[in-house]
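Biologist: Show me the model, please. I want to ask how each label is earned.

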Amino acid sequence: MAANNDYPVYNGVAPSWADVIVRLTGTDVPLLEAKDIVSLDDSSTVEVGETVAGGRVMKTTTGKGKNEASFKLYREGHNRFLRGLISAAPARGSQKILSLVHFDVEIQFTPPGSDEIFLKRWKGCRVVGDAESGAEGTDAQQVDVTLHVKEIVRVIDSVEVVLL
């Protein structure tokens with residue numbers, strides 16, 4: 001199935017691109033344009049510890065939050081993204097270490113038929129992997145970018161909401 005620049009997918013929801021705004025901050029140059037992004041994915045979970053006695057859970061700990069995020073870019077957009085990271089990356093000899101650059105991602109959208117503006121922020125992102133594969137056909141090449149994220153927040157009525 002061919003991807004369409006005008007309709008990115010966010011966690012399985014396909015609002016029109018006119019309804020989605022993605023901002024990356026933390027470097028001095030623009031990292032991405034809307035047309036570069038194929039899809040955005042994230043998840044937040046809390047791992048809760050337990051105290052067990054006699055086979056029963058007696059207490060639980062506050063837990064530890066885990067956040068994951070990734071995006072899929074068209075090849076040209078991936079090159080633009082890397083160029084942006086290069087400008088902020090520390091050097092090791094003649095090499096630039098892209099995985100040490102920190103940035104934030106802000107995603108704002110309004111699903112079709114809704115008046116509500118949804119806002120989510122990925123804070124303290126670092127690139128920790130990328131993967132690409134090519135196949136015969138007419139589809140544009142794409143690159144999956146895996147991020148390490150310190151915190152994922154939703155903004156509800158101007159309040160940041162997190163899972164631990």
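The questions below go from the overall fold to single residues.

Modeller: One caution before we start: this is a predicted model.

Biologist: What makes up the fold, and in which order do the elements run?

Modeller: The protein has one helix and 13 strands. From the N terminus on, the order is β-β-β-β-β-β-α-β-β-β-β-β-β-β.

Biologist: How much of the protein is buried?

Modeller: Of the 164 residues, 30% are buried. The protein exposes about 10300 Å². Carbon and sulfur atoms supply 50% of that area.

Biologist: What share of the contacts with a separation of 6 or more comes from residues 24 or more positions apart?

Modeller: Such pairs account for 60% of those contacts.

Biologist: Now the helix. How do you know that the span of H1 agrees with its length?

Modeller: H1 has 14 residues, 75-88. The rule takes 1.5 Å times one less than the number of residues. That gives an expected span of 20 Å, and the end C-alpha atoms are 21 Å apart, so the two agree.

Biologist: Which residues of H1 are buried?

Modeller: Gly 77, His 78, Phe 81, Gly 84 and Leu 85. They cover an arc of only 120° around the axis, so they lie on the same side of H1.

Biologist: Why would residues three or four places apart point the same way?

Modeller: An α-helix has 3.6 residues a turn, so residues at that spacing point the same way.

Biologist: What does the face turned away from the buried side carry?

Modeller: The exposed residues Glu 76 and Arg 83 sit there.

Biologist: Which strands do the buried residues of H1 pack against?

Modeller: Strands E2 (20-25), E6 (64-74), E9 (103-109), E10 (118-132) and E11 (142-148).

Biologist: Why is His 78 called buried?

Modeller: The cut-off for buried is under 20% relative accessible area. His 78 has 4%, so His 78 is buried. Leaving aside neighbours within four places in sequence, His 78 is in contact with Leu 73, Asp 130, Val 143 and Val 145.

Biologist: On to charges. How many salt bridges does the rule give?

Modeller: The count comes to 10.

Biologist: What makes Asp 42 and Lys 120 a salt bridge?

Modeller: The limit is 4 Å between the side-chain nitrogen and the carboxyl oxygen. Here N to O is 3.0 Å, and the pair qualifies. The bridge links distant parts of the chain: Asp 42 is in strand E3, Lys 120 in strand E10, 78 residues apart. Both residues are buried.

Biologist: How do you know that Lys 72 and Asp 144 also form a salt bridge?

Modeller: Their closest N and O atoms are 3.7 Å apart, and the limit is 4 Å. Again distant parts of the chain are linked: Lys 72 is in strand E6 and Asp 144 in strand E11, 72 residues apart.

Biologist: Why are Lys 72 and Asp 144 called partly exposed?

Modeller: Partly exposed lies between the 20% and 50% cut-offs. Lys 72 has 25%, so the label fits. Asp 144 has 36%, so it fits there too.

Biologist: What about the pair Arg 121 and Glu 160?

Modeller: Their side chains meet in a salt bridge, 3.0 Å from N to O. Arg 121 is in strand E10, Glu 160 in strand E13 (residues 159-161), 39 residues apart. Salt bridges that share partners join Arg 23, Glu 106, Arg 121, Lys 123 and Glu 160 into one network.

Biologist: Are Arg 121 and Glu 160 buried, exposed or partly exposed?

Modeller: Arg 121 has a relative accessible area of 24%, so Arg 121 is partly exposed. Glu 160, at 38%, is partly exposed as well.

Biologist: Which residues form the nonpolar patch on the surface?

Modeller: Val 46, Val 48, Leu 163 and Leu 164, with about 330 Å² of accessible area together. Val 46 belongs to strand E3 (residues 37-47).

Biologist: What makes Val 46 eligible for a patch?

Modeller: A patch residue needs over 30% relative accessible area. Val 46 has 32%, so Val 46 passes that cut-off and is partly exposed.

Biologist: Last one. Why is Ile 156 called partly exposed?

Modeller: Ile 156 has 40% relative accessibility, so Ile 156 falls between the cut-offs of 20% and 50%. Ile 156 is found in strand E12 (residues 151-156). The C-alpha atoms of Ile 156 and Phe 118 are separated by 7.9 Å, and the two residues are 38 apart along the chain.

Notes. Residues numbered from 1 in each chain as written. Predicted model: local features only at pLDDT ≥ 70, side-chain atom pairs only at ≥ 80, totals over all residues. Heavy atoms only, no water. Helix = DSSP H or I, 4+ residues; strand = E, 2+ residues; numbered from the N terminus. Buried < 20%, exposed > 50% of the residue type's maximum accessible area, 1.4 Å probe, protein only. Arc of directions from axis to C-beta. Contact = heavy atoms within 4.5 Å. Patch = residues over 30% accessible without salt bridge, like charges linked within 9 Å, V, L, I, M, F, W, Y side chains within 5 Å. Areas by Shrake-Rupley, 256 points an atom, 1.4 Å probe, with all protein chains shown as cover.
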